[in-house]
Amino acid sequence: MSDPWQECLDLCVEVTKKAGEMIREALQKDIAVMQKSSPVDLVTETDQRVEQLIISSIKEKFPAHSFIGEESVAAGAASVLTDDPTWIIDPIDGTTNFVHRFPFVSVSIGFTVKKEIEFGVVYSCIEDKMYTARKGKGAFCNGAPIKVSGQEDISRSLVLTEMNFDKDPARFRTMLANVESILTIPVHGIRSPGSAAVNMCLVACGSADAYYHMGIHCWDMAGGAAVVTEAGGVIMDISGGPFDLMSRRLIVASSRAVAERIAKQVADQSPEASAQR
Ligand code: LIP
């Protein structure tokens with residue numbers, strides 16, 4: 001039987017390439033920076049233009065599909081995942097990196113049907129690395145198959161996470177305590193590339209062994225989640241339970257043993273957890 005979503009995946013790769021070109025061109029010019037929810041939550045005109053390009057190109061071919069886009073949500077659109085075929089879009093994942101010309105900047109798109117991720121595309125556009133994954137068909141970087149390291153021992157692992165300012169003091173302290181808790185296992189080290197989607201792809205191709213993050217959104221996670229899962233990685237909730245795309249937190253790892261160890265080691269610092277306290 002032919003793949004009902006292959007046409008969508010092909011279009012996704014094509015549009016993502018164009019988006020990447022737009023980002024690279026924008027890097028040659030002055031970048032005007034605006035703030036969103038806080039002084040460290042940044043957005044640029046390029047984020048908005050790239051999202052418009054992606055959504056309008058897809059709508060032309062698939063007008064009945066749904067969209068969740070980072071900048072559309074910032075402008076007031078709902079961020080609700082339904083059973084519809086849905087494109088989950090981060091036009092620039094790593095906006096702070098983009099602003100500083102720090103070279104991990106990606107376009108990330110995940111596509112869901114009945115709330116299940118069918119495929120993901122992450123284009124790390126400064127490195128010119130196009131990661132693609134179709135459910136059940138493996139993960140690729142620039143067309144070559146990729147797989148996770150398979151590392152089972154946390155003490156031999158390189159772990160990725162992101163450290164951001166948080167105006168909630170308790171959450172900020174939990175974030176720092178989590179870093180200390182992981183470092184003192186000890187692990188080989190912690191790195192922070194600055195783009196959630198790139199972080200997942202780094203685990204997917206075996207350059208890092210695990211990644212955990214709390215407080216991010218479905219558009220930061222959808223594309224990379226497909227890539228790392230199809231590369232043989234494990235994805236789970238911070239609690240050790242099943243991954244939920246709308247939960248704003250995740251652990252991905254090269255093996256279940258490493259993922260579960262991280263789940264045991266860290267406390268939940270996501271906004272959802274503090275809202276429940
Ligand atoms: C970013 C993530 C990054 C995280 C930032 C932000 P954006 O996404 O990719 O890892 O540290 O807080 O969520 O906002 O650049 O799409």
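This passage describes the two domains of a predicted model and one of its sheets. Local features are reported at pLDDT of at least 70 and side-chain atom pairs at pLDDT 80 or more, while totals for chains, interfaces and linings use all residues. Residues are numbered from 1 along each chain as its sequence is written, and side-chain values use heavy atoms, with hydrogens and water left out.

The domain assignment, which is automatic or taken from a database, divides the protein chain into domain 1 (6-145) and domain 2 (154-276). Between these domains about 2,100 Å² is buried, 71% of it given by carbon and sulfur atoms; buried area is the accessible area (1.4 Å probe) that two parts lose on being put together, summed over both. Asp93, Ile117 and Tyr131 lose the most area on the side of domain 1, together 23% of what that side buries. Contact, defined as heavy atoms within 4.5 Å, links 36 residues of domain 1 with 23 residues of domain 2.

Five strands form an open sheet of mixed pairing, in the order S11-S10-S12-S14-S13; strands are DSSP runs (E, at least two residues) and helices likewise (H or I, at least four), numbered from the N terminus, and two strands pair if DSSP finds at least two bridges between them. Strand S11 (189-191) and strand S13 (234-236) each have a single partner strand, so one side of each is left without a neighbour in the sheet. Strand S10 (residues 158-160) pairs with S11 in the parallel sense over three bridges, and Leu160 has Arg191 in S11 as its bridge partner. Helix H5 (residues 169-183) packs on the sheet, where S10, S11 and strand S12 (210-214) are touched by this helix.

Definitions and conventions:
Axes fitted to C-alpha atoms, helices over the stretch in contact; angles between N-to-C directions.
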